[in-house]
Amino acid sequence: NTRKDTNRTIRDRVIIKYSSDSEEVTEAIKRHRKEISESTLADDIEFGDTDGSPIQINEHTLGIELRDS
(Lines give C-alpha, C1' and ligand atoms only; values in the text may rest on other atoms or scores of the structure.)
Protein backbone atom coordinates (compact mmCIF):
# COMPACT_ATOMS: atom_id res chain seq x y z
CA ASN A 1 0.00 0.00 0.00
CA THR A 2 2.03 2.94 -1.31
CA ARG A 3 -0.20 5.62 0.25
CA LYS A 4 0.13 4.04 3.67
CA ASP A 5 3.90 3.58 3.26
CA THR A 6 4.25 7.31 2.49
CA ASN A 7 1.93 8.51 5.28
CA ARG A 8 -0.78 9.65 2.87
CA THR A 9 -4.51 9.18 3.25
CA ILE A 10 -7.16 8.62 0.61
CA ARG A 11 -7.98 12.36 0.81
CA ASP A 12 -4.46 13.36 -0.28
CA ARG A 13 -4.28 14.14 -3.97
CA VAL A 14 -1.26 12.54 -5.62
CA ILE A 15 0.62 12.15 -8.85
CA ILE A 16 1.78 8.63 -9.65
CA LYS A 17 5.23 8.41 -11.21
CA TYR A 18 6.28 5.08 -12.66
CA SER A 19 9.20 3.47 -14.43
CA SER A 20 9.43 0.11 -16.14
CA ASP A 21 11.91 -1.92 -18.11
CA SER A 22 9.01 -3.30 -20.13
CA GLU A 23 7.38 -1.69 -23.14
CA GLU A 24 4.42 -4.02 -22.51
CA VAL A 25 3.86 -2.63 -18.99
CA THR A 26 4.38 0.96 -20.16
CA GLU A 27 1.85 0.56 -22.97
CA ALA A 28 -0.68 -1.08 -20.61
CA ILE A 29 -0.36 1.86 -18.18
CA LYS A 30 -0.80 4.35 -21.02
CA ARG A 31 -3.80 2.43 -22.38
CA HIS A 32 -5.50 2.28 -18.95
CA ARG A 33 -4.33 5.65 -17.63
CA LYS A 34 -7.84 7.01 -17.00
CA GLU A 35 -9.02 3.92 -15.13
CA ILE A 36 -5.83 3.82 -13.03
CA SER A 37 -6.17 7.51 -12.15
CA GLU A 38 -9.82 7.14 -11.19
CA SER A 39 -9.35 4.01 -9.08
CA THR A 40 -6.31 5.40 -7.23
CA LEU A 41 -7.63 8.99 -6.98
CA ALA A 42 -4.48 10.27 -8.68
CA ASP A 43 -4.50 13.62 -10.45
CA ASP A 44 -1.94 12.46 -13.03
CA ILE A 45 0.32 9.60 -14.05
CA GLU A 46 3.85 10.34 -15.25
CA PHE A 47 6.65 8.20 -16.66
CA GLY A 48 10.17 8.77 -15.31
CA ASP A 49 12.83 7.61 -12.88
CA THR A 50 11.45 6.59 -9.49
CA ASP A 51 12.99 6.43 -6.03
CA GLY A 52 10.77 3.68 -4.65
CA SER A 53 11.62 0.02 -4.37
CA PRO A 54 10.81 -1.75 -7.62
CA ILE A 55 8.25 -4.54 -7.72
CA GLN A 56 8.15 -7.56 -10.00
CA ILE A 57 5.15 -8.33 -12.21
CA ASN A 58 5.92 -11.69 -13.75
CA GLU A 59 9.21 -11.05 -15.56
CA HIS A 60 8.78 -7.25 -15.60
CA THR A 61 10.07 -4.63 -13.18
CA LEU A 62 7.92 -1.66 -12.19
CA GLY A 63 8.91 1.31 -10.04
CA ILE A 64 6.19 3.41 -8.44
CA GLU A 65 6.48 6.71 -6.60
CA LEU A 66 3.81 9.07 -5.25
CA ARG A 67 4.21 12.83 -5.23
CA ASP A 68 1.92 15.46 -3.82
CA SER A 69 -0.35 16.97 -6.41
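Which side chain of opposite charge is nearest to Glu65, and how far away is it? In this predicted model, the nearest one is Lys17, at 5.1 Å. Glu65 is buried, yet it has no salt bridge. A salt bridge needs the charged atoms within 4 Å.

**Around Glu65**

Glu65 sits in strand β4, which covers residues 60-68. Its side chain reaches the backbone nitrogen of Asp51 at 2.8 Å. Leaving aside residues up to four places away in sequence, Glu65 touches Ile15, Ile16, Lys17, Asp49, Thr50, Asp51 and Gly52.

| Partner of Glu65 | Distance |
|---|---|
| Backbone nitrogen of Asp51 | 2.8 Å |
| Side chain of Lys17 | 5.1 Å |

**An aromatic pair**

A search of the whole structure turns up one aromatic pair. Tyr18 and Phe47 form it, edge-to-face. Their centres are 5.2 Å apart, and the planes meet at 70°. Tyr18 belongs to strand β1 (residues 14-20) and Phe47 to strand β2 (residues 42-47), so the pair ties together parts 29 residues apart in sequence. Tyr18 has 5% relative accessibility, so it counts as buried.

**The whole chain**

The protein chain has three helices and four strands. Along the sequence they follow the pattern α-β-α-α-β-β-β. The radius of gyration is 12 Å, close to the 11 Å that the globule rule gives for 69 residues, so the chain is as compact as a globular protein of that length. Its C-alpha atoms fill a box of roughly 30 × 25 × 20 Å along the principal axes. Buried residues make up 32% of the 69 residues. Among contacts with a separation of 6 or more, 69% join residues 24 or more positions apart.

Notes:
Residues are numbered from 1 along each chain as its sequence is written. This is a predicted model: local features need pLDDT of at least 70, side-chain atom pairs count only at pLDDT 80 or more; totals for chains, interfaces and linings use all residues. Side-chain values use heavy atoms; hydrogens and water are left out. Rings of Phe, Tyr and Trp (its six-membered ring) pair if their centres lie within 6.5 Å; planes under 30 degrees apart count as stacked, over 60 as edge-to-face and the rest as tilted. Helices (H or I, at least four residues) and strands (E, at least two) are DSSP runs, numbered from the N terminus. Buried means under 20% relative accessible area, exposed over 50%, partly exposed in between (1.4 Å probe, protein chains only). Lys and Arg count as positive and Asp and Glu as negative; His and the chain ends are not counted. A polar contact is a pair of N or O atoms within 3.5 Å; within protein, one must be able to donate a hydrogen and the other to accept it, and residues adjacent in sequence count only if both atoms are side-chain atoms. Contact means heavy atoms within 4.5 Å. The radius of gyration is taken over C-alpha atoms; the globule rule is 2.2 Å times the number of residues to the power 0.38.
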